Amino acid sequence: MRSSFRRVLRQPPHMTQSFQPDEALAREFQADPLGHHPPNLQALLRRFRGEPVAGKYALLRTRHERVWTGVEFSGVKGVPLKQHPGLSFTDWRAAEWAVFQLRWRRHVGRPLSFEDPGLLERLAP
């Protein structure tokens with residue numbers, strides 16, 4: 001029983017290796033952010049969505065009229081989300097694409113070669 005417990009705590013090999021996914025996966029997500037995705041894109045999305053809460057980018061539906069705003073989690077209980085009003089969208093697909101680009105930068109360490117211009121400037125200081 002003890003050895004199986006240790007295996008659970010150990011990081012899987014893919015978490016310790018350098019992470020450089022193919023930009024073709026990003027293009028695939030951009031084309032259909034709300035659709036069914038192939039296994040390699042699903043794995044990338046699980047990695048992005050499974051990051052620690054502190055500093056994680058997400059979407060918040062801010063108005064009933066289908067408006068989504070980019071937010072950042074503090075990771076501290078009781079501390080409110082940091083809203084980025086410059087990242088407000090009426091198109092859910094565009095909102096998902098913006099968050100994907102921000103998560104890509106965080107995980108890969110560089111922007112996409114076709115990143116939306118001015119994306120970072122839209123983040124509140």
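Here are legends for four close-ups of this predicted model.

**View 1. Helix H4 crosses helix H5.** This one is about how two helices meet: H4 covers residues 39-49 and H5 covers residues 92-108. Their axes come within 10 Å and cross at roughly 80°. Angles of 65 to 115 degrees count as roughly perpendicular, so that is the word for H4 and H5.

**View 2. Side by side at the contact of H4 with H5.** Zoom in and you'll find Leu44, Leu45, Arg47, Phe48 and Arg49 on the H4 side. Across from them, H5 brings Phe100, Arg103, Trp104 and His107. Sorted by class, the contact has five nonpolar residues, three charged ones and one polar one.

**View 3. A sheet of three strands, open and antiparallel.** Follow the strands across and you get the order E1-E2-E3. E1 (57-63) and E3 (82-89) sit at the edges, each pairing on one side only. Don't expect a flat set of lines here: ignoring direction, neighbouring strands are turned by 40° against each other on average.

**View 4. E1 pairs with E2, and H5 packs on the sheet.** E2 takes in residues 67-72 and runs antiparallel to E1, with six bridges joining the two. For one of these pairings, look at Ala58, whose bridge partner in E2 is Val71. As for H5, this helix packs on the sheet and touches E1, E2 and E3. The direction of H5 makes about 155° with that of E1.

Terms used. Residues are numbered from 1 along each chain as its sequence is written. This is a predicted model: local features need pLDDT of at least 70, side-chain atom pairs count only at pLDDT 80 or more; totals for chains, interfaces and linings use all residues. Side-chain values use heavy atoms; hydrogens and water are left out. Axes are lines fitted to C-alpha atoms, for helices over the stretch in contact, and angles run from 0 to 180 degrees between N-to-C directions. Helices (H or I, at least four residues) and strands (E, at least two) are DSSP runs, numbered from the N terminus. Angles under 35 degrees count as roughly parallel, over 145 as roughly antiparallel, 65 to 115 as roughly perpendicular and the rest as oblique. Contact means heavy atoms within 4.5 Å. Ala, Val, Leu, Ile, Met, Phe, Trp, Tyr, Cys and Pro count as nonpolar, Asp, Glu, Lys and Arg as charged, and the others, Gly among them, as polar. Two strands pair if DSSP finds at least two bridges between them.
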